[in-house]
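User: I'm new to reading protein models and would love a close look at one part of this one. Could you pick a spot inside the fold and walk me through what surrounds it?

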Amino acid sequence: MKHLNYHLISFLLLIFTNVNGQEKKNFRIHTVAFYNLENLFDTINDPTKYDEASPMMEIKANRSKIYKKKIQNMARVISDIGSDITHNSPALIGVCEIENSTVLEDIVNDSLLLHKDYAIVHFDGPDNRSIDVGLLYQKSLFQVISKSTHTLKIYDSESHKRQNTRDQLLVTGKLEEETVHIIVNHWPSRRGGEAKSRPKRIAAAKLNKHLIDSLQSINPYAKIITMGDLNDNPTNASVKDILKAERKKEKVAFKGIYNPFINMFKQSGLGTTAYRDAWSLFDQIMMTKPFLHKDYSNWTYYKAGIFNQNYLVTKKGRFEGYPLRSFADGGFTNGFSDHFPVYIYLIKAIETK
């Protein structure tokens with residue numbers, strides 16, 4: 001993984017030097033991330049949810065010990081994302097494949113994250129597998145103004161019956177006094193085949209675009225970040241044609257969307273999850289044009305990446321090189337997730353005396 005080649009001078013501060021080396025600017029920097037936590041269920045059978053078929057509930061022995069280790073593993077990854085540059089864990093991190101608020105509370109109360117004082121945003125959703133999305137944020141850096149959950153209505157292509165899936169989470173808040181909007185997604189899977197399931201992700205993209213359009217109708221200059229496990233690559237129709245996400249900053253229209261993960265996928269072949277020896281980049285973070293302004297007086301996009309550190313990679317066996325997942329062959333592997341996290345850096349110039 002490539003790292004920033006700027007000199008870190010203190011917690012959350014960067015010093016930038018221009019080409020001729022005569023001008024220096026100080027910047028604050030924050031990490032915004034997304035992570036699919038791979039079937040993070042607690043150990044309690046909830047009679048109101050279909051959680052019996054979760055990998056955690058299928059484990060018969062040492063379930064509590066395994067759950068504790070899974071929580072510790074998730075906390076370890078979250079604490080590490082972006083820390084080599086910011087000396088801090090993410091200011092904001094969207095998550096998916098969580099059962100409830102309890103599992104998020106257990107993560108933020110882990111010893112690796114407790115001192116960061118994370119808060120959570122979560123709504124119980126209607127998904128048939130009882131998995132939801134959520135947002136973690138450091139209370140010292142981000143203050144929630146509003147939060148809402150938005151239901152995606154999709155239907156089976158054969159029976160035409162309603163299928164319950166993940167809601168989309170919208171959180172508006174102040175990132176150090178600047179208003180930003182965060183949308184957390186987990187779009188319908190490719191179960192049944194990519195082509196057959198494609199209309200469901202098209203519908204998810206349309207809902208996402210509707211949320212973005214609604215925010216921009218109130219403020220055309222709204223700073224919006226949409227993130228998630230889309231179960232589609234950056235080049236699929238849901239992202240390319242519905243969201244109309246652009247790969248080049250200069251091509252992003254006034255109310256357009258920039259997707260820094262397009263080039264990673266098309267030019268480098270990078271991915272966040274693998275299946276049958278093929279990589280997919282389903283996990284993405286996109287943003288609206290106001291994050292691309294170059295005066296740096298407000299929060300500005302700097303760089304994106306896939307957090308694929310060595311300890312997150314399977315070292316041997318038939319899945320060598322894949323993300324080191326938590327559950328396989330009916331048991332716990334002591335791994336992390338079948339997805340790598342993704343992240344972006346936001347920077348802002350600060351006044352120096």
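Analyst: Let's start with V121, which counts as buried because its relative accessibility is just 1%, where anything under 20% qualifies. Keep in mind that this is a predicted model. You'll find V121 in strand β5, which covers residues 118-122.

So who are the neighbours? Leaving aside residues up to four places away in sequence, V121 touches G134, L135, Y137, V144, K147, L169 and V171. For a sense of scale, try K153: V121 and K153 are 32 residues apart in sequence, and their C-alpha atoms sit 22 Å apart in space.

Now let's see what β5 does for a helix. Strand β5 is among the elements that cover the buried residues of α4, along with β3, α2 (63-80), β4 (92-98) and β6 (132-138). The helix α4 itself runs over residues 101-108, and its buried residues include V103, L104, I107 and V108. Look down the axis of α4 and you'll see the buried residues fall within an arc of 135°, so they line one face of the helix. At the N-terminal end of α4, N100 acts as a cap: one of its side-chain oxygens lies 3.1 Å from the backbone nitrogen of T102.

One residue of that helix leads us further in. I107 is among the residues with the most contacts inside the largest nonpolar core, together with Y35, I225 and I344; that core has 77 residues. Strand β3 supplies the largest share of this core, with 8 residues. Take I225 as an example of a well-connected member: apart from residues up to four places away in sequence, I225 touches V32, H181, I182, I183, I285, M286, M287, F291, I344 and L346. There is also a second, separate core of 19 residues, and I212, L215, L230 and M286 are among its members.

Strand β3 comes up again when we turn to the rings. The structure holds 10 aromatic pairs. One of them joins F27 and Y296 edge-to-face, with 5.3 Å centre to centre and 85° between the planes. F27 lies in β3 (residues 24-40), while Y296 lies in the loop between β17 (283-288) and β18 (300-306), so this pair ties together parts that are 269 residues apart in sequence. Both F27 and Y296 are buried. Elsewhere, ring pairs link W279, F319, Y322 and F340 into a cluster. And here's a ring with a charged partner: R76 lies over the face of Y311, at 3.7 Å from the ring centre.

To finish, here are two buried residues that sit in loops. S89 is in the loop between α3 (83-86) and β4, and it counts as buried at 2% relative accessibility. Setting aside residues up to four places away in sequence, S89 touches I78, S79, I81, L113, K116, Y118 and Q138. The other one is A222, in the loop between α5 (194-218) and β12 (224-229). A222 is buried as well, with a relative accessible area of 1%. With residues up to four places away in sequence again left out, A222 touches H181, L215, T288 and P290. The C-alpha atoms of A222 and I212 are separated by 8.9 Å, and these residues are 10 apart along the chain.

How values were computed:
Residues are numbered from 1 along each chain as its sequence is written. This is a predicted model: local features need pLDDT of at least 70, side-chain atom pairs count only at pLDDT 80 or more; totals for chains, interfaces and linings use all residues. Side-chain values use heavy atoms; hydrogens and water are left out. Rings of Phe, Tyr and Trp (its six-membered ring) pair if their centres lie within 6.5 Å; planes under 30 degrees apart count as stacked, over 60 as edge-to-face and the rest as tilted. Helices (H or I, at least four residues) and strands (E, at least two) are DSSP runs, numbered from the N terminus. Buried means under 20% relative accessible area, exposed over 50%, partly exposed in between (1.4 Å probe, protein chains only). A charge sits over a ring if NZ of Lys or CZ of Arg is within 6 Å of the ring centre and within 35 degrees of the ring normal. The arc is that of the directions from the helix axis to the C-beta atoms. Contact means heavy atoms within 4.5 Å. A polar contact is a pair of N or O atoms within 3.5 Å; within protein, one must be able to donate a hydrogen and the other to accept it, and residues adjacent in sequence count only if both atoms are side-chain atoms. A nonpolar core is a set of buried Ala, Val, Leu, Ile, Met, Phe, Trp, Tyr and Cys residues joined through side-chain atoms within 4.5 Å.
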